[in-house]
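Trainee: I would like to go through the labels on this structure and ask what stands behind each one.
Mentor: Go ahead. Bring the term, and we will set the value against the cut-off.

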Amino acid sequence: MTLSRLTSFGMPIGSAISRISRRYEFMSQLIYPTFLAKSNRFGTIIQQRTMSVQTRKSVTGRKYDDGIDVNNQTVEIDPVNHVRRCTLYKDIDIYTYYKSIIPNVHTLADILDHGQAVSNDGPCFGYVQLENKAEPIRWLSYSMVSEQARCVGSYLQTKAKLTPMDSKIAIMSVNRPEYSIIEYGCFMYGFIVVGFFTSYDPKTVLNLLRKTQTEVLVVDNLLRIRSFENQLLENDQIKQIIVMDEVKDGEHSKIRSFSSILKAMNTLDILPRPTIDPDNVATLLLTSGTTGERD
């Protein structure tokens with residue numbers, strides 16, 4: 001699926017990318033002085049913590065003002081389907097505009113490469129470690145994320161025997177770095193991502209797996225599927241269940257942890273990335289009842 005076909009939280013993806021990059025730059029500059037600076041750490045923390053909310057908003061507004069009214073960030077451009085667009089681009093054909101500002105980004109997988117280039121391989125994803133006072137956020141660089149994503153994508157093709165541009169992988173998890181790493185691994189190697197709500201009951205999950213012909217199910221932990229685990233393991237359609245958390249020894253051979261996949265794949269196992277047609281399907285976005293059908 002081409003980027004121009006997607007929207008993000010009511011904004012076209014081109015606008016979303018530019019706004020995310022600006023917000024990311026701000027967050028990087030905010031987080032690093034607070035938590036990771038080696039010198040004057042406590043002085044910096046005290047200074048930022050005592051800064052009033054109004055002062056912080058004022059400083060942020062002056063430095064990072066992009067002309068967006070935070071109370072009116074989008075406009076409706078399609079009254080039938082209620083598609084909305086960032087007010088900065090309300091009169092611009094976003095489908096072609098993003099190609100002029102980021103010409104090397106044609107697919108979702110290219111976003112990671114672009115981020116690595118423009119950030120000079122800066123921080124990409126972070127693990128929050130509240131118990132670790134010395135390092136409350138453990139960052140993964142873009143190259144580390146890309147390497148892990150390629151490990152996952154290569155594993156899915158060589159070990160799980162999935163077919164690029166055809167096989168589907170369902171992900172049912174809370175928001176965490178492994179979610180996006182697996183997602184990008186799929187984007188890189190042409191597997192179709194199917195997002196499941198964590199609120200789905202077992203009947204809905206099994207029904208959607210059947211309807212979408214999903215071959216691999218990814219979950220954040222085994223508790224997510226314990227109540228219907230046997231049904232999944234006995235289902236010949238499901239080739240593997242990948243768990244983001246660690247799993248104990250002795251689990252079913254269909255069950256693999258995220259970390260075990262990374263350990264099992266070495267440099268020689270990493271496959272070259274295939275050429276992905278921008279018009280191929282990248283992800284299936286399931287509705288939450290707008291069709292009126294649950295079965």
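**Labels and the values behind them**

Mentor: Start with a residue in a loop. Asp121 sits between helix H5 (108–118) and strand E5 (123–128). Keep in mind that this is a predicted model.

Trainee: Why is Asp121 called partly exposed?
Mentor: Its relative accessibility is 30%. Buried needs under 20%, exposed needs over 50%. The value 30% meets neither condition, so Asp121 counts as partly exposed.

Trainee: What makes the phi of Asp121 worth a remark?
Mentor: The sign. Phi of Asp121 is near 55°, a positive value, and the residue is not a glycine. Lys161 also has a positive phi, about 60°, and is not a glycine either.

Trainee: Where is Lys161 found?
Mentor: In the loop between helix H6 (142–158) and strand E7 (168–172).

Trainee: Why is Lys161 called exposed?
Mentor: Its relative accessible area is 57%. The cut-off for exposed is over 50%, so the label holds.

Trainee: How do you know that E3 and E4 pair?
Mentor: Count the bridges. Pairing needs at least two. Strand E3 (residues 74–78) and strand E4 (residues 83–86) have four, in the antiparallel sense. Glu76 stands opposite Arg84 in E4.

Trainee: What lies between the two strands of that hairpin?
Mentor: Four residues. His82 in this hairpin takes a positive phi near 60°.

Trainee: Why is Thr74 called buried?
Mentor: Thr74 lies in strand E3. Its relative accessibility is 14%. Buried means under 20%, so Thr74 qualifies.

Trainee: What makes the approach of Thr74 to Arg84 a polar contact?
Mentor: The distance between the side chains is 2.6 Å. The limit for the N or O atoms is 3.5 Å, with one atom able to donate a hydrogen and the other to accept it. The pair is therefore listed as a polar contact between side chains.

Trainee: How far is Thr74 from Tyr89?
Mentor: They are 15 residues apart in sequence and 9.2 Å apart in space, C-alpha to C-alpha.

Trainee: What makes E11 and E12 edge strands?
Mentor: Take the sheet before its edges. Six strands form an open sheet in the order E11-E10-E9-E7-E8-E12, with parallel pairing. Strand E11 (255–257) and strand E12 (283–284) each pair on one side only, and they are the edge strands.

Trainee: How do you know that E10 and E11 pair?
Mentor: Strand E10 (residues 240–243) shares three bridges with E11, in the parallel sense. At least two are needed, so the two strands pair. Ile241 has Ile255 in E11 as its bridge partner.

Trainee: What about cysteines? Why is Cys86 called buried?
Mentor: Cys86 has 0% relative accessibility, under the 20% cut-off, so it counts as buried. Cys151 is at 8% and is buried by the same cut-off.

Trainee: How many disulfides are there?
Mentor: A search of the whole structure finds zero. The criterion is a pair of cysteine sulfur atoms within 2.5 Å, so no pair meets it.

Trainee: And the chain as a whole: how many helices and strands?
Mentor: Ten helices and twelve strands. Of its 295 residues, 42% count as buried. The chain exposes about 16800 Å², and carbon and sulfur atoms supply 53% of that area.

Conventions. Residues numbered from 1 in each chain as written. Predicted model: local features only at pLDDT ≥ 70, side-chain atom pairs only at ≥ 80, totals over all residues. Heavy atoms only, no water. Buried < 20%, exposed > 50% of the residue type's maximum accessible area, 1.4 Å probe, protein only. Areas by Shrake-Rupley, 256 points an atom, 1.4 Å probe, with all protein chains shown as cover.
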